[in-house]
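User: Could you take a close look at one part of this model for me, and then work outwards from there? An informal walk-through is fine, as long as you show how you get to each call.

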Amino acid sequence: MRGRTCLWLAGMLVSASACGLTSGSPMVDDVRPGSIGRGLPLKGADLTVTSKEFTEQLILGAIMGIAFEAAGADVLDRTGIQGSVGAREAVKSGDADGMYEYTGTAWITHLGNSEPITDPKEQWQAVRDADLKNGLTWLPPAALNNTYALAMNRANHKKYGTKTLSDVAALSKRDPGAVTLCVEGEFANRADGLPGMQKAYGMNVPAGNITQMDTGIIYTQAAKGSCTYGEVFTTDGRIRSMNLAVMQDDGKFFPNYNAAPEINTKALKKWPAIADVLDPITRKLDNTVAQELNAKVDVAGEDPHQVALDWLKEEGFVEEG
């Protein structure tokens, strides 16, 4: 999910707009400073926010934009760009001023590294240092870590008693038929997905026990017990709504995908208050918050922008205008 990219047409230079960047529309939320944006430090700024197209990104993009509005900025909404490349390129080129991006995506997909850094803080620092030459400044990261995991329903959790991926590996050796997996096609073939996980944990799940399917179906199949374990994203709201048990990555195999503001360096130099506006919000974002907000969209059918606005008000970051 975090690493999806636009398809580049052979022999043609494809601009950010071809990946979904549109002219955007002004944000018109009636908000004023709460605990952030006091003194309107962004008054006079014209800022553009962007995001990728999936639920969590739409929420995070709206959070950033509404925060800027409360601090006095006029904000253009260019959220919802398909894939990872278009949104990043928009910020890099200055077509947009900021977005919430994931450290693992930047390190592996954008910066071309094959080995993730185990420590989340060191991963962020490496990305921050490497991206400065690209005209991008990374502000401090959130605890929110949208990475891969395996999850199971409560009946199977009680039956097999697995809590960690090491437990799953032990079960696969002790009772090979017990470990059936529902996974995405991408996860099934990525080095930081199923092949790498099996190698790292010494699993040997027979091919016949692995079923590839679309992301949304995985959650329902795991909830029904059609497969013992389903590949999930750790911040997905369906984990909570379907009461799934997530296996701990005790061997720290999966990369860290901590969300952090990725800001165009020129924009940040012009409007340094961007950092002060965003830092308290970013510190509040963790997997529990993300699951709750994502569930409001993916399970309850609410609008991502409204979900973002409601949360910012509930936390006291912004107030009604």
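Analyst: Let's start with Lys 252, which is exposed, at a relative accessible area of 57%. Keep in mind that this is a predicted model. Lys 252 sits in the loop that links strand S11 (245-246) to strand S12 (259-264). Its backbone is what caught my eye: phi is positive, about 50 degrees, even though the residue is not a glycine. Most residues other than glycine have a negative phi.

Leu 40 offers a parallel case, with a positive phi near 50 degrees in a residue that isn't glycine either. It belongs to the loop between strand S2 (31-33) and strand S3 (46-52). Its relative accessibility is 34%, so Leu 40 counts as partly exposed.

Now follow the chain from the Lys 252 loop into S12. Glu 262 lies in that strand, and its relative accessible area is 0%, so it is buried. What does Glu 262 touch, once neighbours within four places in sequence are set aside? The contacts are Arg 88, Val 91, Asp 97, Gly 98, Met 99, Glu 101, Asp 131, Leu 136, Thr 137 and Trp 138.

Arg 88 and Val 91 from that list take us to helix H2, where both are buried. H2 (residues 84-93) is mostly covered, with seven of its ten residues buried; Ser 84, Val 85, Gly 86, Ala 87 and Ala 90 are among them. Just past the helix, Gly 94 has a positive phi of about 95 degrees.

Arg 88 also leads to Leu 111, in the loop between helix H3 (103-110) and helix H4 (120-131). Leu 111 is partly exposed because its relative accessible area, 21%, is not under the 20% that buried requires. Beyond its neighbours within four places in sequence, Leu 111 contacts Arg 88, Ala 106, Val 127, Ala 130, Asp 131 and Asn 134. Asp 131 is 20 residues along the sequence from Leu 111, with 8.1 Å between their C-alpha atoms.

Back to the neighbourhood of Lys 252: Phe 253 and Phe 254 belong to one aromatic cluster with Tyr 148, Phe 187 and Phe 233. How many aromatic pairs are there in the model? The count is seven. Trp 311 and Phe 317 make a tilted one, with 5.7 Å between ring centres and 55 degrees between planes. Trp 311 is at 5% relative accessible area, so it is buried, and Phe 317, at 7%, is buried too.

Tyr 219 has a charged partner: Arg 238 lies over its ring face, 4.3 Å from the ring centre. Tyr 219 is also 43 residues along the chain from Glu 262, and their C-alpha atoms are 30 Å apart.

Last stop, a helix pair. H1 (residues 55-70) packs with H13 (residues 287-298) at about 110 degrees, axes 9 Å apart; that angle falls within 65 to 115, so the two are roughly perpendicular. Thr 55, Glu 56, Ile 59 and Ile 63 make the contact from H1, meeting Ala 290, Leu 293, Asn 294, Val 297 and Asp 298 of H13. By type, that contact has five nonpolar, two polar and two charged residues.

Key
Residues are numbered from 1 along each chain as its sequence is written. This is a predicted model: local features need pLDDT of at least 70, side-chain atom pairs count only at pLDDT 80 or more; totals for chains, interfaces and linings use all residues. Side-chain values use heavy atoms; hydrogens and water are left out. Rings of Phe, Tyr and Trp (its six-membered ring) pair if their centres lie within 6.5 Å; planes under 30 degrees apart count as stacked, over 60 as edge-to-face and the rest as tilted. Buried means under 20% relative accessible area, exposed over 50%, partly exposed in between (1.4 Å probe, protein chains only). A charge sits over a ring if NZ of Lys or CZ of Arg is within 6 Å of the ring centre and within 35 degrees of the ring normal. Axes are lines fitted to C-alpha atoms, for helices over the stretch in contact, and angles run from 0 to 180 degrees between N-to-C directions. Helices (H or I, at least four residues) and strands (E, at least two) are DSSP runs, numbered from the N terminus. Angles under 35 degrees count as roughly parallel, over 145 as roughly antiparallel, 65 to 115 as roughly perpendicular and the rest as oblique. Contact means heavy atoms within 4.5 Å. Ala, Val, Leu, Ile, Met, Phe, Trp, Tyr, Cys and Pro count as nonpolar, Asp, Glu, Lys and Arg as charged, and the others, Gly among them, as polar.
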